[in-house]
Amino acid sequence: MQAGIDDEDDEARADASGQMRLPATLAGEGPLPASAEIVIVGGGVMGLAMAYHLAKRGLTDVVVIERGYLAEGASGRNGGGVRQQWSTEINIRLMQESVELCRRFAVDLGVNVWFRQGGYLFLARSEREVARLAKNIDLQNRCGVATRMLDPREALGIVPELDITGVVGAAYNPSDGILFPWPFLWGYARQAAALGVKLFMQTPVGSIDAEPAGGYTLRTPRGAIRARRVINACGAWSPKLAQMIGVEVPTYPIRHEICSSEPLKPFLRPMVSELASGLYCSQSMRGEIVGGVTIPGHASTYSMGSTLEFLATYARRLTRLMPILGDVKILRQWAGPYDQSPDGNPILGAPAGHPDFFLACGFVGHGFMMAPIIGKLYAEWLTGDAPHDIFGRSQLARFFDGSGAGLAKEDFNIG
Ligand SMILES: Cc1cc2nc3c(=O)[nH]c(=O)nc-3n(C[C@H](O)[C@H](O)[C@H](O)COP(=O)(O)OP(=O)(O)OC[C@H]3O[C@@H](n4cnc5c(N)ncnc54)[C@H](O)[C@@H]3O)c2cc1C
């Protein structure tokens with residue numbers, strides 16, 4: 001057992017109603033401290049992963065400020081998919097490391113995150129899509145990921161409930177998986193707090209002043225705090241925070257809807273995803289079928305409302321693919337913001353003129369699976385190691401200096 005787990009075990013364990021309670025130390029009672037070496041704004045998975053890894057590396061003078069509650073943003077609303085099937089080497093390799101961190105999470109952080117490696121099965125309905133999968137598989141195999149191409153009959157061997165009419169081929173990697181997002185946040189938050197990080201919920205940052213002598217003053221209803229360095233981990237709200245110091249971040253929120261069914265007996269091992277429609281579904285450890293579908297043409301919005309259009313589209317596509325699900329009841333429907341960057345790649349590092357203000361945004365629909373490794377790499381950099389390649393390639397400047405992206409275009413940016 002690591003330090004902190006035993007002490008707070010009782011408080012963090014599910015109470016009689018089955019709800020997980022956070023330890024009182026995470027409530028962040030009282031005013032903010034006057035200053036901190038690093039203030040992380042945003043208590044989603046990205047900010048919390050960074051806080052934990054910074055503290056683990058000995059940098060504990062860290063304050064996390066969250067305007068609402070843990071899991072308020074996209075981190076508490078996502079599908080929990082974790083895959084290594086990508087089209088660029090850097091994303092494949094990052095995700096190999098992230099999967100390893102997910103595998104170790106329960107041991108390292110003392111929380112069961114229900115990580116289950118049942119694979120990801122991508123279905124192609126045209127030869128063009130098969131060619132795209134084949135190209136990716138070749139690269140994934142060269143990186144050591146055991147993805148393989150399946151014909152429709154072989155796909156049926158993995159998910160016998162599929163209707164393979166019109167399916168031309170499939171890509172399957174057995175070590176991809178799904179997780180339950182919330183305990184990731186609890187695990188990172190609890191361990192970060194145990195190591196000395198201070199977390200404040202219900203504390204919106206309303207303004208930030210760059211100080212002439214360096215550093216920043218952040219103002220909140222709970223008081224002001226002076227930070228030598230600031231990390232903007234506000235997900236889809238990152239442009240608003242950056243705007244407070246006059247930095248333009250060109251990401252924008254896109255509502256992404258998702259739903260979950262009544263619990264069924266376990267039958268579906270992999271996450272199944274249809275390339276053409278963006279349909280995806282998996283079965284959670286509790287038995288629910290959790291899934292969504294791309295609804296094209298959504299305007300940018302912070303609205304988290306749910307629509308009948310989504311439900312009808314999802315139901316039509318899902319029951320075409322798995323007719324057996326026709327009578328299953330949907331119990332919950334919700335939405336969250338994709339933090340969409342113009343090229344689908346993240347924005348990391350410090351913008352020009354603000355060497356002590358760091359960005360971690362633009363992760364679209366895959367920021368949860370990337371957070372374990374990005375949080376670790378960020379902490380390594382901010383505690384003195386040389387920055388990983390991903391930071392040089394993901395700079396904000398690429399959208400303004402005409403140099404184009406340092407990152408190759410990721411063309412497998414789905415779900
Ligand atoms: C429906 C859906 C399905 C998805 N499925 C997947 C998936 O299967 N796999 C995957 O990897 N990813 C998925 N994603 C994407 C993933 O959820 C996000 O990329 C990830 O959670 C982003 O984490 P974050 O910490 O950057 O942002 P968030 O979780 O949004 O956290 C940002 C936090 O900042 C806080 N904040 C904002 N402004 C302020 C302020 N002024 N002061 C203080 N706090 C502030 C917010 O309240 C919020 O809690 C999905 C997203 C959605 C919406």
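**Surroundings of the ligand and of threonine 217**

Of the 37 residues around the ligand, those that come nearest are Glu66, Ser75, Gly81, Gly367 and Met369. A residue counts as near if one of its heavy atoms lies within 4 Å of the molecule. The model is predicted: local features need pLDDT of at least 70, side-chain atom pairs count only at pLDDT 80 or more, and totals for chains, interfaces and linings use all residues. Residues are numbered from 1 along each chain as its sequence is written, and side-chain values use heavy atoms, with hydrogens and water left out.

The shell around the ligand holds 17 nonpolar, 16 polar and 4 charged residues. Here Ala, Val, Leu, Ile, Met, Phe, Trp, Tyr, Cys and Pro are nonpolar; Asp, Glu, Lys and Arg are charged; the others, Gly among them, are polar. Domain 1 (23-76 + 181-251 + 343-399) and domain 2 (116-178 + 252-340) both give residues to this shell, so the ligand lies between them. The domain bounds come from an automatic or database assignment.

Backbone atoms approach the ligand too. A backbone N or O atom of glycine 365 is 3.0 Å from a ligand nitrogen atom. For glycine 79, the corresponding distance to a nitrogen atom of the ligand is 3.1 Å. A polar backbone atom of valine 45 lies 3.2 Å from a ligand oxygen atom.

Threonine 217 was also examined. Its relative accessibility is 9%, so threonine 217 counts as buried (under 20% relative accessible area; exposed is over 50%, partly exposed in between; 1.4 Å probe, protein chains only). Not counting residues up to four places away in sequence, threonine 217 touches Ser207, Ile208, Asp209, Glu211, Ala224, Ile225 and Arg226 (heavy atoms within 4.5 Å).

Terms used
Polar contact = N/O pair within 3.5 Å; in protein donor to acceptor, adjacent residues only side chain to side chain.
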